[in-house]
Amino acid sequence: MNNLKQCILSREPRITAREVAFRVGCSETDLSNYIKENRKPNSDRAIALAKTLKCTVIDIFPTAKRKFYFEL
C-alpha cells in the first residue's frame with residue numbers, strides 16, 4: 001500500500017477519498033491517479049493533501065524535494 005492511501009486510511013476521524021478530493025480541490029479521478037502513483041500532484045495540491053490528512057508532504061510522498069518538509 002502506498003503512503004497516500006495509508007494516510008487516508010489512518011486519519012482520525014475517518015475521511016473518505018471523495019471528501020479528501022473535495023477538500024483538496026481536485027477530482028476523484030485525480031486523487032485516484034495520485035494513489036495509484038500514475039501522476040504526482042503539483043506542490044499546492046500536495047500541501048493541501050498534507051493539511052487535509054494532518055501529516056507532512058514527506059509522509060505522503062517520501063521522494064518529494066525536502067523544501068516541502070515542514071509540519072503543517
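Which residues have the most contacts inside the largest nonpolar core? That one gets its own view below, after a quick look at the whole chain. Bear in mind throughout that this is a predicted model.

**Figure 1. The whole chain is built from five helices and zero strands.** Read along the sequence, the pattern is simply α-α-α-α-α. Of the 72 residues, 39% count as buried. Take the contacts between residues at least 6 apart in sequence, and 42% of them join residues at least 24 apart. The accessible surface comes to about 4800 Å², with 49% of that belonging to carbon and sulfur atoms.

**Figure 2. The largest nonpolar core holds 19 residues.** Here is the reply to the opening question: Leu4, Val20, Leu31, Leu49, Leu53 and Ile60 are the ones with the most contacts inside this core. The elements giving two or more residues to the core are α1, α2, α3, α4 and α5. Helix α4 gives the most, with four residues. Zoom in on leucine 4 and you'll find it touching Leu31, Tyr34, Ile35, Leu49, Leu53 and Ile60, leaving out residues up to four places away in sequence.

**Figure 3. Helix α4 spans residues 43-53 and has a buried side.** Ala46, Leu49, Ala50, Thr52 and Leu53 are the buried residues of this helix. Because they cover an arc of only 165° around the axis, they end up on the same side of α4. Asp44 and Lys51 are on the other side, and they are exposed. The cover over the buried residues includes α1 (3-10), α2 (17-24), α3 (28-35) and α5 (57-60). At the start of the helix, a side-chain oxygen of asparagine 42 comes to within 3.2 Å of the backbone nitrogen of aspartate 44.

**Figure 4. Helix α1 buries Leu4, Cys7 and Ile8.** Their arc around the axis is only 100°, so these residues sit on the same side of α1. Among the elements covering them are α2, α3, α4 and α5. The start of α1 has its own polar detail: a side-chain oxygen of asparagine 2 reaches to within 3.2 Å of the backbone nitrogen of leucine 4.

**Figure 5. Cysteine 7 and cysteine 55 come without a bond between their sulfurs.** What keeps this pair from counting as a disulfide? The sulfur of cysteine 7 has its closest cysteine sulfur in cysteine 55, 4.0 Å away, and that is too far for a bond. The cut-off that matters here is 2.5 Å between cysteine sulfur atoms. By this rule the count is zero disulfides. Cysteine 7 counts as buried because its relative accessibility is 13%. Cysteine 55 is buried too, at 11%.

**Figure 6. Helix α3 carries two buried polar residues, aspartate 30 and asparagine 33.** Aspartate 30 has a relative accessibility of 17%, so it counts as buried. Neighbours within four places in sequence aside, aspartate 30 is in contact with Arg39 and Arg45. Asparagine 33 also counts as buried, at 18% relative accessibility. Asparagine 33 touches Asn38 and Arg39, again not counting residues up to four places away.

**Figure 7. Some loop spots have backbone geometry worth a second look.** As background, most residues other than glycine have a negative phi, and most peptide bonds are trans. The peptide bond from glutamate 12 to proline 13 is cis, with omega near -5°. Proline 13 lies in the loop between α1 and α2. Glutamate 37 has a positive phi of about 65° although it is not a glycine. Glutamate 37 belongs to the loop between α3 and α4, and at 52% relative accessibility it counts as exposed.

**Figure 8. Lysine 54 follows helix α4 with a positive phi.** Where does lysine 54 sit? It is in the loop between α4 and α5. The phi of lysine 54 is about 60°, although this residue is not a glycine. Is lysine 54 buried or exposed? With a relative accessible area of 57%, lysine 54 is exposed.

Methods
Residues numbered from 1 in each chain as written. Predicted model: local features only at pLDDT ≥ 70, side-chain atom pairs only at ≥ 80, totals over all residues. Heavy atoms only, no water. Buried < 20%, exposed > 50% of the residue type's maximum accessible area, 1.4 Å probe, protein only. Arc of directions from axis to C-beta. Contact = heavy atoms within 4.5 Å. Polar contact = N/O pair within 3.5 Å; in protein donor to acceptor, adjacent residues only side chain to side chain. Core = buried A, V, L, I, M, F, W, Y, C linked by side-chain atoms within 4.5 Å. Areas by Shrake-Rupley, 256 points an atom, 1.4 Å probe, with all protein chains shown as cover.
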